[in-house]
Amino acid sequence: MQISGAQMVIEALAQEGVTTVFGYPGGAIMNVYDEIYKQENFEHILTRHEQAAIHAAEGYSKVTGKVGVAMVTSGPGFTNAVTGLADAYMDSIPMVVISGQVPMSLIGTDAFQEIDAVGISRSCTKHNYLVTDASDLARVLKEAFHIAATGRPGPVHVDIPKDVTAQIAEFDYSKPVELETYKPVTKGNARQIKKAIEAIAAAKRPLLYLGGGIINANAAYEVRELAKVMGIPAVETFMARGTMGHENPLLISMLGMHGSYAANMAMSETDLVIALAARFDDRVTGKLSEFAKNAGVIHVDIDPASISKLVNADYPIVGDVKNVVEAMLELAPKKIDSARYEPWLETIGHFDSLHPLQYHEDSERIKPQWVIERIGELLGDNANISTDVGQHQMWTAQFYPFSRPRQFISSGGLGTMGFGFPAAIGVKSGAPDKVSINVTGDGSILMNIQELMTAVEYKLPVINIILNNNFLGMVRQWQTLFYDKRHSSTDLSVQPDFVKVAEGFGGIGYSVSTKEEFDAALKDAVEKNVVAMIDVKVHRMENVLPMVPAGGSLFNMMLEYKDK
Amino acid sequence: MSDNVRRVVSVIVYNESSTLSRITDLFSARGYNIESLTVAPIPESKYSRLTIVTSGSSRVIEQIIKQLHKLIPVLKVYEHADLVEKEMALVKFPMGENISDIDAICGAYNGKIVNVGTDVIFVMVADEPKRVSNFLNAIKKYHPKEIVRSGAVALER
């Protein structure tokens, strides 16, 4: 069929089953937006900034498991989107981002709103394309969706010059993807899996180290089963929160810089690390030479480059974690006696009772950790929880009772402030039946506050809960601990009236200083089902603890901070 | 462990305009060093072959190979252990130098005089990279005006 490049984009998205696109129009992408106006295949959600369009698509993708789609124009439209691309790349989120480009005849002339988009996105996407002929569009878009969703997922960027979207050419989306150079290994090597199971059977203190790839691979319930069958305890990375479910007796907690004492001690004492789709990030391992020092390492990952990158794997297994765990589940019942690990579970229980994750109540001000626990008590499984970046993010990861995968949506790898609100908008549009909470800080929320307008316009009732300590809290914490309390440029005493801000955009705002007020505000916001901001005045100087100082060993945790 | 030794890596890539920058971007983004890089299409195929001379520990090289492999247009990557390696150099001398001496040295390094102008003569040599370096040392006293090296190409034995 002979259609225009712009029509091809619409047609390809329809064939891919896309139902929601986030974006922002502009000169170079107008032909495509003209076709969006005419079609009814998908809803287009106009964010109020291109960065937010990408984050919203990320949130949508994370909660649904589908490829997120966003659309922006050339030049500043694209450069605004770069942070989102980098964020999706670091957290392996499958995305297709389409940008307009100046017409082919103007490329390279420093034309209005021209930027070398593929040159910029090369280092923060899984792959990218500059489409120079409309007859390539079907193939390119099909490849883009395929590459984004397979192997280690990631964002793919497609840059389309304006004249290419106007060009009429043949469109045939039925041809299968043929990429001779891209064939991810998904099935783990059977012999390696057998060896790994034997190593587990021989270990005394094995530990499952669960990474975010489990959630990407939809393998959480298989992993729960594997842990149960083997009777082996598990630690979750930040990205893997929700994999085991908070009530699971085999779940220790999160490990790493702000992991629990028990989780970090378990990692330090284990004799066999069973890493499932985790990548040994520096925020997880602390000082590498001291990390799980006496342990063998089984490492299952879809990305061969993640294996033995930082920690040498004794049993490397390249494959889709779901396939590999299923293969392990076939062998485990015969080979592994779970009773063998009972003393190890006891040791871990002892670690946990020695220094449980906790905080101390304050009679004057609400403690931020209490807010997180309270959201958990009031909403629990009924909410999806997005966060921004900083102290509130770590407290959420520590104290929220996550019960399922895809419940927790946060910027892990890149640590992007401003991620939470637009992501929570995408989460709400992808999972309308759950309450969409954005736990944020008084710093982060201002980085994409304009999205109040998007949420109000599209009736996506995100509830923003601001843990307001009048500080850029995490940086302030580091300044307190490591910079002799020189709180350089982190005091946010001057700030807007968040209630009025919310109301100004047509949402609803609550100012909260007591626990009773918080309960009332959250209940009211959930009941009214409108876009809300709950500004919670919390204790100003609270620190996220435990803490492994950057570059320190996991077992050297700061458990308390006493102000001298 | 053999640390920071010279390595020769061959990369077979799909022949499209952006591929070379994907590869060089990868090296700079991850802090790997490129000593030389040559690229040319493989005859009668849609692929090109790159020969990259780099250096690093075995762990770094393993990462380089894996990261290269992750690039979508990359078909194959191999590090050569047992290889035949050649490099070419072109040198321009002023006419006044001792031509027969230069010619004799070229002969010893698999080379010859390839072009003679009114003021300058051109010679080429093609040999192992180390020997090309030796050659360039040996001809220093004949005041070469300009030198260009091609970078290494290699094939596994």
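**Reading strands, a core and a helix residue**

Biologist: Let's start with chain B. Is strand E1 (residues 5-14) mostly covered or mostly uncovered?

Modeller: Mostly covered: seven of the 10 residues in strand E1 of chain B are buried. Keep in mind that this is a predicted model.

Biologist: Which strands is E1(B) joined to by bridges?

Modeller: One is strand E3 (residues 47-56) of chain B, joined to E1(B) by 10 bridges and running antiparallel to it. Another is strand E4 (residues 74-79) of chain B, also antiparallel, with five bridges to E1(B). Try following B:Val13: it stands opposite B:Ser48 in E3(B), and its bridge partner in E4(B) is B:Val74.

Biologist: Now the nonpolar core. What is the general idea?

Modeller: In soluble globular proteins, nonpolar side chains tend to be buried together. Here, the largest nonpolar core has 40 residues, and A:Leu13, A:Met71, A:Ile98 and A:Val158 touch the most other members. Elements of chain A that each supply at least two residues of this core include helix H1 (5-15), strand E5 (95-101) and strand E7 (155-161). The largest share, eight residues, comes from H6(A).

Biologist: What does A:Ile98 touch?

Modeller: Leaving out residues up to four places away in sequence, its contacts include A:Val9, A:Leu13, A:Met71, A:Leu141 and A:Val158.

Biologist: And why does A:Ala327 count as partly exposed?

Modeller: Because its relative accessibility is 25%, and partly exposed covers values between the buried limit of 20% and the exposed limit of 50%. A:Ala327 sits in helix H13 (residues 321-335) of chain A. Its C-alpha atom is 9.0 Å from that of A:Lys194, although the two residues are 133 residues apart along the chain.

Note on methods. Residues are numbered from 1 along each chain as its sequence is written. Chains are lettered from A and ligands numbered from 1 in the order in which they are written. This is a predicted model: local features need pLDDT of at least 70, side-chain atom pairs count only at pLDDT 80 or more; totals for chains, interfaces and linings use all residues. Side-chain values use heavy atoms; hydrogens and water are left out. Helices (H or I, at least four residues) and strands (E, at least two) are DSSP runs, numbered from the N terminus. Buried means under 20% relative accessible area, exposed over 50%, partly exposed in between (1.4 Å probe, protein chains only). Two strands pair if DSSP finds at least two bridges between them. A nonpolar core is a set of buried Ala, Val, Leu, Ile, Met, Phe, Trp, Tyr and Cys residues joined through side-chain atoms within 4.5 Å. Contact means heavy atoms within 4.5 Å.
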